Amino acid sequence: MKSWIKAFVIITYIAMIAVNALANIIPINGITTGEVSNLYENLFTPSSITFSIWGVIYFLLALFTLYQAGLFRNNDKHAKLLNNIGILFSISSIANMLWIFAWHYKVLSLSVILMTIILISLIFIVTKIKNTNLNSKEKFFISIPFSIYFGWITVATIANITAFLVKINWDRFGLSEIFWAITIIIIGAIIGIITIIKNKDYVYGAVIIWAYIGILIKHLSENGFDRVYPSVIITVIISIIIVLIVNIFVFLKLIKH
């Protein structure tokens, strides 16, 4: 594996972690990441507890960063794959950093573009991984981190676009907020199901389920929407059940082979 790519991945990963940490410690522009989200509250936004998944994501991405740097492995069997993933991951890390600034300074149009760059980078990464035969150890250090990251960014992209539409006071073509919330929830579930089946990725599916549970918690919680939108709650529950069934089916099919 090329040394400059190893270095680039490490530097961009550390920088990404630092920016995300400082975003809430300082905080950037005097407002935390969560507080910005609250400014554009919508019916698709999950409970704040759901965002704890970022800790898991960053930890697993740290393991990948160390793995591609040479730790935990003793050969360059998949050097080409790691080179390609490394460049794409670094691009996503830079976009992630820039997203933080766009989000905190409330430039949501730019944040949508940057989130899309992260999403596209991850689509390319998981595609390359899917087309490579990996053993269990390689799946743990290479595949799983990006499946989880991809799953969360899939939902985050939808949430980011929704927040942007709230900011610009989109009139929803005269249709109700509830109608659009249900539509977005269904579209998100369909995207998740198609991706689970296409990539045979139940780890990705588990993250979609986690995010939708977060939406459900927000709607059931007294500190959230407190059951004000029963049709949205029913839609989320049905979506969770269907995605779960598909995920279990894919999982069972994989272990049989």
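Start by selecting T162, which sits in helix α6. This is a predicted model, so treat each stop as a feature of the prediction. Is T162 buried or exposed? Its relative accessibility is 10%, under the 20% cut-off, and T162 therefore counts as buried. Now show what lies around it: leaving out residues up to four places away in sequence, T162 touches N42 and I184.

**Next stop: from I184 into the α7 and α8 pair**

Keep I184 on screen, since this α7 residue also takes part in the meeting with α8. Select I184, I185, G188, A189, I191, G192, T195 and I196 on the α7 side. Then add their partners in α8, which are Y204, G205, I208 and Y212. What kinds of residues make up this contact? They divide into 8 nonpolar, 4 polar and no charged.

Now turn the view to look at the two helices themselves. Two packed helices are described by the angle between their axes and the distance between the axes. Here, the axes of α7 and α8 come within 9 Å and cross at roughly 165 degrees. Angles over 145 degrees count as roughly antiparallel, so α7 and α8 are roughly antiparallel to each other. The crossing of these two helices is left-handed.

**Next stop: the largest nonpolar core**

Leave Y212 selected and add L61, F89, F146 and Y149. These five have the most contacts inside the largest nonpolar core, which has 78 residues. To see where the core comes from, colour the elements that give two or more residues to it: α1 (3–25), α3 (53–68), α4 (79–104), α5 (108–130), α6 (136–167), α7 (177–199), α8 (202–220) and α9 (230–256). Which element gives the most? That is α6, with 12 residues.

Zoom in on Y149 now. Setting aside neighbours within four places in sequence, Y149 is in contact with M16, W54, I57, L61, F89, S92, N96, I118 and L122. Among these partners, L61 and F89 are also on the list of residues with the most contacts inside the core.

**Last stop: L66**

Finish with L66 in helix α3. How accessible is L66? Its relative accessibility is 39%, between the 20% and 50% cut-offs, so L66 counts as partly exposed. Beyond residues up to four places away in sequence, L66 touches L71 and F72. For a final distance to draw, pick the C-alpha atoms of L66 and K6: these residues are 60 residues apart along the chain, and the atoms are separated by 9.0 Å.

Notes
Residues are numbered from 1 along each chain as its sequence is written. This is a predicted model: local features need pLDDT of at least 70, side-chain atom pairs count only at pLDDT 80 or more; totals for chains, interfaces and linings use all residues. Side-chain values use heavy atoms; hydrogens and water are left out. A nonpolar core is a set of buried Ala, Val, Leu, Ile, Met, Phe, Trp, Tyr and Cys residues joined through side-chain atoms within 4.5 Å. Buried means under 20% relative accessible area, exposed over 50%, partly exposed in between (1.4 Å probe, protein chains only). Helices (H or I, at least four residues) and strands (E, at least two) are DSSP runs, numbered from the N terminus. Contact means heavy atoms within 4.5 Å. Axes are lines fitted to C-alpha atoms, for helices over the stretch in contact, and angles run from 0 to 180 degrees between N-to-C directions. Angles under 35 degrees count as roughly parallel, over 145 as roughly antiparallel, 65 to 115 as roughly perpendicular and the rest as oblique. A crossing is left-handed if the near helix is turned anticlockwise from the far one by less than a right angle, and right-handed if clockwise. Ala, Val, Leu, Ile, Met, Phe, Trp, Tyr, Cys and Pro count as nonpolar, Asp, Glu, Lys and Arg as charged, and the others, Gly among them, as polar.
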